[in-house]
Amino acid sequence: MLAEQAAAAIAERTGVPHHRIAVVLGSGWQDAAAEIGAPTASVPMTELPGFDAPTAQGHQGTVHSVTVNDSPVLLMMGRQHLYEGHEPAQVVHGVRTAVAAGADTILLTNAAGGIRPGLRVGEPVLISDHLNLTGRTPLTGATFVDLVDAWDPGLRALAREVDPDLTEGVYAGLTGPQYETPAEIRMFGALGADLVGMSTVLEAIACRALGARVLGISLVTNLAAGVTGQHLSHAEVLAEGRAAAPRLGKLLRGVLER
Ligand SMILES: Nc1nc2[nH]c(I)nc2c(=O)[nH]1
């Protein structure tokens with residue numbers, strides 16, 4: 001209901017009745033968004049029903065409409081996180097709004113810690129599958145959603161055409177806000193996680209429940225705790241994102257153009 005209201009507000013404020021594709025820009029991906037193209041319209045999230053201003057990464061949450069190859073794309077700059085005290089329904093409001101606005105394909109980007117040996121800081125990694133370690137779900141009732149191929153194989157193949165050097169990985173989603181202990185990272189590695197983060201998994205579940213195709217890309221902004229023995233700093237995370245922006249922008253634009 002709230003998503004419908006927010007979608008109607010987006011249509012009204014942007015003058016674009018439907019957006020077939022939406023992109024959620026996570027930490028470190030904001031600069032890359034500029035490479036996609038200049039927005040034809042922008043709306044602060046606080047002016048849309050059901051959105052709070054995201055507190056993470058200190059940027060104002062904004063929704064942009066941008067045209068790529070003559071079709072409108074919805075860019076959602078910023079997202080809500082469980083660690084901000086939001087309930088799952090609030091965390092997935094952005095993607096539910098995007099689907100209500102007409103999106104049948106959602107591109108979820110995030111910043112993540114790298115667990116798998118060989119992953120490098122500043123490297124984008126396609127999400128091949130996820131581990132929902134939040135203990136939460138945005139779904140209620142008997143909505144038994146199939147999550148096989150939740151991370152769309154066709155979209156992943158398309159992304160690899162754009163950037164053949166892309167590797168894939170399993171993303172473990174946690175609540176945070178603390179980073180993991182080295183022992184926890186060893187555990188998640190043993191469970192098959194290649195990446196670890198504090199977003200994305202609930203959004204992916206909500207998208208699949210609505211029948212939208214999902215492509216996920218993580219930017220490795222730090223090697224997870226214990227992988228290098230170094231300490232983790234959030235400032236580093238943001239700096240790495242900025243440095244990777246040109247490659248990420250090229251990747252996003254290439255995927256959106258196909
Ligand atoms: N849980 C978790 N989330 C993260 N987000 C980023 I950027 N790096 C990390 C990390 O190392 N662990």
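In this report, surface patches are made of residues with over 30% relative accessible area and no salt bridge, like charges being joined within 9 Å and nonpolar side chains (Val, Leu, Ile, Met, Phe, Trp, Tyr) within 5 Å. A salt bridge is a side-chain nitrogen of Lys or Arg within 4 Å of a carboxyl oxygen of Asp or Glu. Accessible areas follow the Shrake-Rupley method with a 1.4 Å probe, and for residues only the protein chains shown count as cover.

The model is predicted: local features need pLDDT of at least 70, side-chain atom pairs count only at pLDDT 80 or more, and totals for chains, interfaces and linings use all residues. Residues are numbered from 1 along each chain as its sequence is written, and side-chain values use heavy atoms, without hydrogens and water.

L133, M187 and L191 make a nonpolar surface patch of about 260 Å². Of these residues, L191 lies in the loop between α6 (182-190) and β8; helices (H or I, at least four residues) and strands (E, at least two) are DSSP runs numbered from the N terminus.

The ligand is surrounded by 11 residues (a heavy atom within 4 Å), and the closest are G113, E180, G197, T221 and N222. Polar contacts, pairs of N or O atoms within 3.5 Å, involve nitrogen atoms of the ligand as follows.

| Protein partner | Distance |
|---|---|
| G113, polar backbone atom | 3.4 Å |
| E180, side-chain N or O atom | 2.5 Å |
| N222, side-chain N or O atom | 2.6 Å |

Taken alone, the ligand exposes 330 Å², of which the protein buries 95%. Two or more shell residues come from each of β5 (105-114), β8 (195-197) and β9 (213-223), with β5 giving the largest share, 3 residues.

Definitions and conventions: A polar contact is a pair of N or O atoms within 3.5 Å; within protein, one must be able to donate a hydrogen and the other to accept it, and residues adjacent in sequence count only if both atoms are side-chain atoms.
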